[in-house]
Amino acid sequence: MYNLEQHTPESVITVAVLGAESTGKTTLCRDLAAHFDSLWVSEYMRTYLQAKWDDEQLTCTWDDLLPIAQGQIALENKLAKQVTQTSNENRYLFCDTSLFELMVYSHWYYGNCPTALEQAALAHHYDLILLTEVDIPWVADDLRDSPYQRDEISAYFASQLSKHQKHQKPFVRISGDRKERVRQVIAQLAHLDSP
């Protein structure tokens, strides 16, 4: 029923930005896309759940997970294709989350994960995975609900990424202010691009 296949052209370098709530993932993706004049994939879950909250004052449930996953990967696939159609020599696509993050949160909140989502999350490949550290202030909004659990959730992300390294899930921790975070990622990408 849901098509969660990832379709990334070989010429596109994908960077997944993962982490606990309010740790600067969206800001980092925007800053990197601006620096490299490239594209970034927004977090579909926020759009989906904000609409649900605005329309019905309801939060995420188990039944929302696969539709969110479908929307996220469809958006990522669409933008990955667009990257190949630009004249920019920097073929980067910065992804504000991935199905791996959705899988981690599924286990965190529900103690389980839909099989199709977990299989897709583990099968998807990113050239670089970043884990944003909990070193910036919490910013509340309609959807965030864990201001006092960010350190615990961040540690859980790290453990899950480490657990699944056989699925090529090595990651790099990113910290500091906005400029420092961008600088760290630029250095990682330069290392990635070097022969």
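Which residue of β3 is the bridge partner of A16? In this predicted model, the partner is C95. That pair belongs to a central theme of the description, the strands and their neighbours.

Strand β1 covers residues 13-18 and pairs with β3 in the parallel sense. Five bridges join the two strands. Besides the pairing of A16 with C95, I13 of this strand stands opposite Y92 in β3. On a further strand, β4, which spans residues 128-132, β1 finds another parallel partner. Four bridges connect β1 and β4. Among the paired positions, V15 has L128 of β4 as its bridge partner.

β1 is mostly covered, with six of its six residues buried. The side chains divide between two directions. I13, V15 and V17 point one way, while T14, A16 and L18 point the other way. Every one of these residues is buried. Thus V15, with its bridge partner L128 in β4, and A16, with its bridge partner C95 in β3, point opposite ways from β1.

β3 (92-96) shows a similar record of burial. It is mostly covered, and five of its five residues are buried. Y92, F94 and D96 lie on one side. L93 and C95 lie on the other. Both faces are covered. β3 also runs parallel to β2, and three bridges join these strands. Here V41 stands opposite C95. C95 is therefore flanked in the pairing by two residues, since A16 has C95 as its partner and V41 stands opposite C95.Helix α3 (65-84) has 20 residues. From its first C-alpha to its last it reaches 29 Å, close to the 28 Å expected at 1.5 Å a residue. The buried residues of α3 are L65, L66, I68, A69, G71, Q72, I73, E76, N77, L79, A80 and V83. Several elements contribute to their cover. These include the strands β2 (39-41) and β3 (92-96), together with the helices α2 (44-56), α4 and α5 (115-123).

Q72 offers a detailed view of this helix. The residue lies in α3. Q72 has a relative accessible area of 3% and so counts as buried. Leaving aside neighbours within four places in sequence, Q72 is in contact with V41, S42, E43, Y44, M45, D96, T97 and L99. One of these contacts, V41, stands opposite C95 in β3. Another, D96, is among the buried residues of β3.

L99 is found in helix α4. With a relative accessibility of 2%, L99 counts as buried because the cut-off is under 20%. Residues up to four places away in sequence aside, L99 touches L4, A69, Q72, L117, A120, A121 and H124. Of these, A69 and Q72 are listed among the buried residues of α3. The C-alpha atoms of L99 and A34 are separated by 24 Å. Along the chain, L99 and A34 are 65 residues apart.

Cavities were examined next. The count comes to one cavity of 30 Å³ or more. The largest cavity has a volume of about 50 Å³. Its lining is formed by E43, M45, I68, Q72, T97, S98, E101 and L102. Two elements, α3 (65-84) and α4 (99-110), give two or more residues to this lining. By character, the lining residues divide into three nonpolar, three polar and two charged. Q72 is one of the lining residues, and its contacts include E43, M45 and T97. I68, also in the lining, is a buried residue of α3.

Two loop residues stand out in backbone geometry. Most residues other than glycine have a negative phi. S22 has a phi near 55°, a positive value in a residue other than glycine. S22 is placed in the loop between β1 and α1 (25-36). At a relative accessible area of 7%, S22 is buried. Q57 is not a glycine either, and its phi is positive at about 55°. The place of Q57 is in the loop between α2 and α3.

Definitions and conventions:
Residues numbered from 1 in each chain as written. Predicted model: local features only at pLDDT ≥ 70, side-chain atom pairs only at ≥ 80, totals over all residues. Heavy atoms only, no water. 1 Å grid on protein atoms, 1.4 Å probe; cavity = no way out; pocket = protein on both sides within 12 Å on 5 of 7 lines; lining within 4 Å. Points joined across faces, edges and corners; volume = space filled by probe spheres on them. Nonpolar A, V, L, I, M, F, W, Y, C, P; charged D, E, K, R; others polar. Expected span 1.5 Å × (residues − 1). Buried < 20%, exposed > 50% of the residue type's maximum accessible area, 1.4 Å probe, protein only. Contact = heavy atoms within 4.5 Å. Pairing = 2+ DSSP bridges.
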